[in-house]
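I set out to record what I looked up in this structure, entry by entry. The topics are contacts, helix packing and cores.

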Amino acid sequence: MTYSSAVAYLYRLQKHGIKLGLATMMGLMVRLGMPHARYRALHIAGTNGKGSTAAITAAVLQAAGYRVGLYTSPHLVEFRERIRVNGKMIDESQVALLTEQLKSLCGEDLSPTFFEYTTAMAFQHFADSEVDVAVIEVGLGGRFDATNVVTPMASAVTTISFDHQEYLGRTLSSIAFEKAGIIKSGVPVVVGRLEDEAWRTIEQVARERRASVIRLDENFRTEGETPRKFSYRGLGRQYDGLNCALEGRHQLDNAACALALLEAVAPQGITVMAEAVRAGLGLVDWAGRLEVVDQHPTILLDGAHNPAAATVLADYLLRSDRFRLFRPVVLVLGMMRDKNHRGFVEPLRDLVDEVVLTQSDLSRAATAQELRASLEGLLPHLHVVPSLNEAMALARHLATPDGLVCVTGSLMLIGECKAWFRGCGLSPLRG
């Protein structure tokens, strides 16, 4: 099997959509010989922040000398972004080999979804690569997510807010219950900044499973206003003068959760010295999140796609010395059809001068016309431009060399935008 034929096969699996439950995934693990049991793991869930927290955790572990697997989703441009060992994407030849191996093992009785297949591929690749630790980001929710077959050294729940309600429930408590599904018996869990309703659910599940809880602002915290210069006060560790390469005040919480997670596993033999903490924070990279990709005008890409993430983006634009004086500010917006369009733009409405509505090349993406209908009367100067190429050309023109173009609303849109800037093709595998 070639890489292109493997991608074509995986693409066909996407027709299965999302299927919550662990039976198929466990069946795959058994047939593979339980690869996920051959290394230590850290498991990270959350509505927002879980990817950044995973990236920071992996970067610090790698700086400490560990061989680290990192599994995240979705990818932006290239499918292989999801599966990395010490920062290196899985080789095309390995994707082909593992796709063929899994296809043979599934036989006639197992029909995994795309995400189950790729999760199994990641777990096997980490075993084949003899990683010391795998940092695993939950795909959706937690309780029935394919990644939840692991028994980690420690878990983390970064944030809980409204997203994917059709799968996770329509209250913070129900969403928290699904994410709390990754909490294992006797396994410590790091908990980020949660509203009281969500916290009560997490606390109850942890108590029932006798899992010790390590809570932000209670057991660990940061001091400082920016990730460029902050201090960490943890369970037993303290670090001053830290500098995280990721932008935005919200990354203080994500960095804190990552460092608390590493402290939680120190009794299990994971040794991370201060030098590794500093090096990992300084080198971490997480594309598509407050990422500047061009100048004159400045073009900022951010994969925010729910109201809580839009609030974080708005806070960054208001507080950042780098961006708050830019004028005009042009918002390029594309979202999925099932998202809360009006709730998303509410925090941004007073910060932008022009809005270009566009759409991703996906059937589940809202069309630019649908976005206009959703947002009527909420945003100024709406321009409807379905083609991303034409939308970006218009946004650049409107911004002038001294302005800011902010592209947001969907990680799928951000991936297409990055491919456009690189002048490269986009993987047919999306989501």
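**Entry 1. A term, and one residue.** I take contact to mean heavy atoms within 4.5 Å. I note at the outset that the model is predicted. With that term fixed, I looked up Thr99: leaving aside its neighbours within four places in sequence, Thr99 is in contact with Met1, Ala6, Tyr9, Leu10, Tyr117 and Met121. Thr99 is found in helix α4.

I then asked whether Thr99 is buried or exposed. The relative accessible area of Thr99 is 0%, and buried means under 20%, so Thr99 counts as buried.

**Entry 2. Helices α1 and α4.** In general, two packed helices are described by the angle between their axes and the distance between the axes. I looked up both for helix α1 (residues 3–13) and helix α4 (residues 92–106): their axes come within 8 Å and cross at roughly 50°. That angle makes α1 oblique to α4. I also recorded the handedness of the crossing of α1 and α4, which is left-handed.

Which residues make the contact? From α1, I listed Tyr3, Ala6, Tyr9 and Leu10. From α4, I listed Glu92, Val95, Ala96, Thr99 and Lys103. Sorted by class, the contact of α1 with α4 has six nonpolar, one polar and two charged residues.

**Entry 3. The cores.** I next turned to the largest nonpolar core, which has 45 residues. Which of them touch the most other members? I found Leu42, Ile56, Leu61, Val135 and Phe220. Helix α9 (residues 250–264) supplies the largest share of this core, with ten residues.

I followed one of these residues, Ile56, further. Not counting residues up to four places away in sequence, Ile56 touches Cys244, Leu246, Gln251, Asn254, Ala255, Ala258, Leu281 and Val284.

I also noted a second, separate core of 39 residues, whose members include Met25, Ala96, Ala120 and Val149. Ala96 had already appeared in my notes, as one of the α4 residues in the contact with α1.

**Entry 4. Ala206.** I located Ala206 in helix α8 (residues 196–208). Its relative accessibility is 0%, so I entered Ala206 as buried.

What does Ala206 contact, once its neighbours within four places in sequence are left aside? I listed Ile183, Val189, Ala211 and Val213. For one of these partners, Ile183, I also looked up the separation: Ala206 and Ile183 are 23 residues apart along the chain, and their C-alpha atoms are separated by 6.6 Å.

Notes
Residues numbered from 1 in each chain as written. Predicted model: local features only at pLDDT ≥ 70, side-chain atom pairs only at ≥ 80, totals over all residues. Heavy atoms only, no water. Core = buried A, V, L, I, M, F, W, Y, C linked by side-chain atoms within 4.5 Å. Buried < 20%, exposed > 50% of the residue type's maximum accessible area, 1.4 Å probe, protein only. Helix = DSSP H or I, 4+ residues; strand = E, 2+ residues; numbered from the N terminus. Axes fitted to C-alpha atoms, helices over the stretch in contact; angles between N-to-C directions. Parallel < 35°, antiparallel > 145°, perpendicular 65-115°, else oblique. Left-handed = near helix turned anticlockwise from the far one by under 90°. Nonpolar A, V, L, I, M, F, W, Y, C, P; charged D, E, K, R; others polar.
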